[in-house]
Amino acid sequence: MIRLGLRLAVAGGREAITRLVIIAAAVAVGAGLLLVTLAGVNATNAQLTRYASLYPQASAEGGTDPLWWSTREDFSRGEEIVRVDVAATGPGSPTPVGIPRTPGPGEFYASPALTTLLASTPATHLADRYPGRNLGVIGPAALASPDALVVIVGRTAEEAAALPNAIQLTSVGGEAPALPQAAVNLIIGVIAGGLLFPVLIFIGTATRLSAARREQRYAAMRLVGAAPRQISVIAATEAATAAVVGTALGFALFFAFRGQLAAIPFTGMRFFPADMALRPVDALVVALGVPAGAALAAWVSLRRVRISPLGVTRQATPRPPRAYRLIPLVLGVAELTYFLGRRPQTSSGQTAAFLPGLLLIMAGLVFAGPWLTMTCARLMARRASRPATLIAARRLADNPKAGFRAISGIMLALFVTSVAIGVITTIVANRGPAPRGSTDAGTVSTAFFHEPPHVPGTLLAELRAVPGVRSATVIHRNPDQQGEPGVIACTDIPQVYGRCVDGATVAAVQDNFVPFRESVSATREWPAASLTLDDLQRLPVLSIVVGTDGSTDAIERSRTVLSLALPNFWIAPNSPGDFESTFTDQLRGWQQLANVVIIASLGLAGCSLAVSVVGGLTERRRPFSLLRLSGAPVRTLRRVVVLESAVPMLAVAVLAIGVGLLAAQLFLKAQMEYTLIAPGVEFYAIVIVGLVACLAIIASTLPLLERITGPETARSE
């Protein structure tokens, strides 16, 4: 039976070869995307693990000489620089990963991206912060990404021991625990699902190509004595043959384009090509699972033939779907609505609260899809004024499940990406960095929350001498823990940051004059502090705030002056938005990934529609031929084919986007108390272009209609 199945698959004439090629192509795309997804998850884990290795835990046990290690963050032009200060305590001290030896005092190693930045930036903006000799570049083993900005600076043991976050290590380069990225993993999983579901739909649609003809052939075999088991073996062999070829092509496509895929900053940073690797279990699952899945799908599709060889001729209109299919969708929306004002306090509780609602909505959309398709078809039939519209509406109404099957991937893809882009756009708008050149971005500050330093007497004068600097102010620590963290004499508050309330001499202020989630304001009134000017001078320093004109030169030179004068900083000199910039860049990377998913999923859905249309035309060529013989023009039949595909596709696209944005609004309001900010024109433009491309793909199949519906078809069938 296996040999017969192989002969039918490869030697069954032009129709069999065409079916084999289409199924193999579909499986190749699906297998390739599945491999990319698995490799992407592995690359993300490797990226996070190497990033976590820059923040190791103390391990000073054992007899070796420990290595002093201190990790801090620096900033330059909105970019985060990870600074690692190290000091060997003896010849047995371990060497940091990625460099040949531990740098000594006055030496440092820089990542390739930072080396390029140092060479292209004025020394007063960045390079002067790392005085000494550059020993070379840091290798990939210590970098999360080719774009990572990392510097490893050598110190004496005494200097390193006095730094914030200083720890002692007896070993480096072990498997550091990955960062707690539950939200990131959730986004990866949801977006991957939004991409893979259309792939599975595409594969399933392709495997059903000419299903009716194959059922008739298998039924004929049953009538001449073939057992159900033999028919199942033949069908599984045919499907597995195409799947094996497609899987091999999928592996070839993955390895051919792995380098280009690694260069796409899906997470805000590029991957190293070697990170886009497959574990043996990943390759085994795809290599065996995809052909096995295709064979299983073929076996399931033969249920009517297995029941009776005459079952393929006993066709009746299936029962129409009922409105109860909307229940899961309504329950999912209700579940998200319930948590408005009831947000759980723990991250695990929040995941348990919001994830089931989103998954329930996704399942509800798929479950309700046939009912929605039927409803649209009936509305179209009532308003039909042309024969083509009426025929298409009656066919969709008779079998809405088949009409919805090929476009269900579009619905899920648009829902997932609408939720992701809605959430990302809103978070970026609320938490993104201040635009360069604004008053907020023109403020540079450094705070000392742990070890108050001695501020050199000449520091303020040196800062004020920098071109573009308008003020340099010292803020002292507020002994009253219930109020603002800092205190300052009212006469020392720069005018741009506000003023004291009437009658006050000392004010309680923020450490950088900019309250959280607020902006600089010259009209802000700071509350009075119950301190005298004499008391103020005896308090430790909390922060130094530099007001500039917002120019890059003034900001970066101020950072450099502060870093050199106060090298043991806990928090590097920063501008409002610096801490959010990395987070925002990562969110924008997810937004880019969501756009890629939209384009890819819509393209795949278009291919699924094309295969579905071709299959439908092949199976209905006799009815269409009879319509042509009775006088129906070809253009009418073409309208029927287009309407059958376009109407449900456009309907579910509108519904999916609307429900996705609603779910995003409910999540944002419950989790962050944000109001949804509608996605930009780019999102809608991508959706429209994708839908138009789907329609174009469908239109490309229409020339086949005239060739297969001639009079000879009606006579030969």
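This is a guided tour of a predicted model, stop by stop, for a reader with the structure open in a viewer.

**The whole chain**

Begin with the entire chain displayed. It has 717 residues, 49% of which count as buried. Coloured by secondary structure, the chain shows 23 helices and 13 strands. Its accessible surface comes to about 32500 Å², and 61% of that surface belongs to carbon and sulfur atoms. Among contacts with a separation of 6 or more, 80% are between residues 24 or more positions apart.

**The largest nonpolar core**

Next, select I361 and F415. These two residues have the most contacts inside the largest nonpolar core, which has 54 residues. To see where the core comes from, display helix 10 (327–338), helix 11 (347–382), helix 14 (408–431), helix 18 (578–619), helix 20 (634–671), helix 21 (681–699) and helix 22 (703–708); each of them supplies at least two core residues. Which helix gives the most to this core? It is helix 20, with 14 residues.

Keep I361 selected and show what surrounds it. Beyond its neighbours within four places in sequence, I361 is in contact with L329, G332, V333, L336, F415, V659 and A663. Another core lies apart from this one; it has 19 residues, including V27, A39, A243 and A294.

**A nonpolar patch on the surface**

Switch to a surface display and select Y324, I327, L331, L360 and F367. Together they make a nonpolar surface patch of about 460 Å². Helix 10 and helix 11 are the elements that give two or more residues to the patch. Select I327 alone, a residue of helix 10. Is I327 buried or partly exposed? Its relative accessible area is 49%, so I327 counts as partly exposed, because the exposed class begins over 50%.

**Salt bridges**

The structure holds 16 salt bridges, and several deserve a separate look.

First select R129 and D74. They form a salt bridge whose closest N and O atoms are 3.1 Å apart. R129 belongs to the loop between helix 3 (112–120) and strand 4 (133–137), while D74 belongs to strand 1 (residues 67–76); the pair therefore ties together parts that are 55 residues apart in sequence. Both R129 and D74 are buried.

Move on to D282 and R279, another salt bridge, with the closest N and O atoms 3.1 Å apart. Here the two partners differ in cover: D282 has 5% relative accessibility and counts as buried, whereas R279 has 47% and counts as partly exposed.

Then select R395 and E644, whose closest N and O atoms are 3.3 Å apart in their salt bridge. R395 lies in helix 12 (residues 387–398) and E644 in helix 20, so this pair ties together parts that are 249 residues apart in sequence. R395 is partly exposed at 38% relative accessibility, and E644 is buried with a relative accessible area of 10%.

To finish this stop, select R72, R83, D85 and R155. Salt bridges with shared partners join these residues into one network.

**Strand 7 and its partner**

Now select strand 7 (residues 443–447). How many of its five residues are buried? Five of the five are, and the strand is mostly covered. In a regular strand, side chains alternate between the two faces of the sheet. Colour T443, S445 and A447 as one side and V444 and T446 as the other: all are buried, so both faces of strand 7 are covered.

Add strand 13 (residues 541–548) to the view. Strand 7 and strand 13 run antiparallel and are joined by five bridges. One place to look is S445, whose bridge partner in strand 13 is V545.

**A loop residue, A504**

For the last stop, select A504, which sits in the loop between strand 10 (499–500) and strand 11 (506–509). Leaving out residues up to four places away in sequence, A504 touches C490 and A528. Add A529 to the selection and draw the distance between the two C-alpha atoms: A504 and A529 are 25 residues apart along the chain, and their C-alpha atoms are separated by 7.7 Å.

Methods:
Residues are numbered from 1 along each chain as its sequence is written. This is a predicted model: local features need pLDDT of at least 70, side-chain atom pairs count only at pLDDT 80 or more; totals for chains, interfaces and linings use all residues. Side-chain values use heavy atoms; hydrogens and water are left out. A nonpolar core is a set of buried Ala, Val, Leu, Ile, Met, Phe, Trp, Tyr and Cys residues joined through side-chain atoms within 4.5 Å. Buried means under 20% relative accessible area, exposed over 50%, partly exposed in between (1.4 Å probe, protein chains only). Helices (H or I, at least four residues) and strands (E, at least two) are DSSP runs, numbered from the N terminus. Contact means heavy atoms within 4.5 Å. Patches are made of residues with over 30% relative accessible area and no salt bridge: like charges are joined within 9 Å, nonpolar side chains (Val, Leu, Ile, Met, Phe, Trp, Tyr) within 5 Å. Accessible areas come from the Shrake-Rupley method with a 1.4 Å probe; for residues, only the protein chains shown count as cover. A salt bridge is a side-chain nitrogen of Lys or Arg within 4 Å of a carboxyl oxygen of Asp or Glu. Two strands pair if DSSP finds at least two bridges between them.
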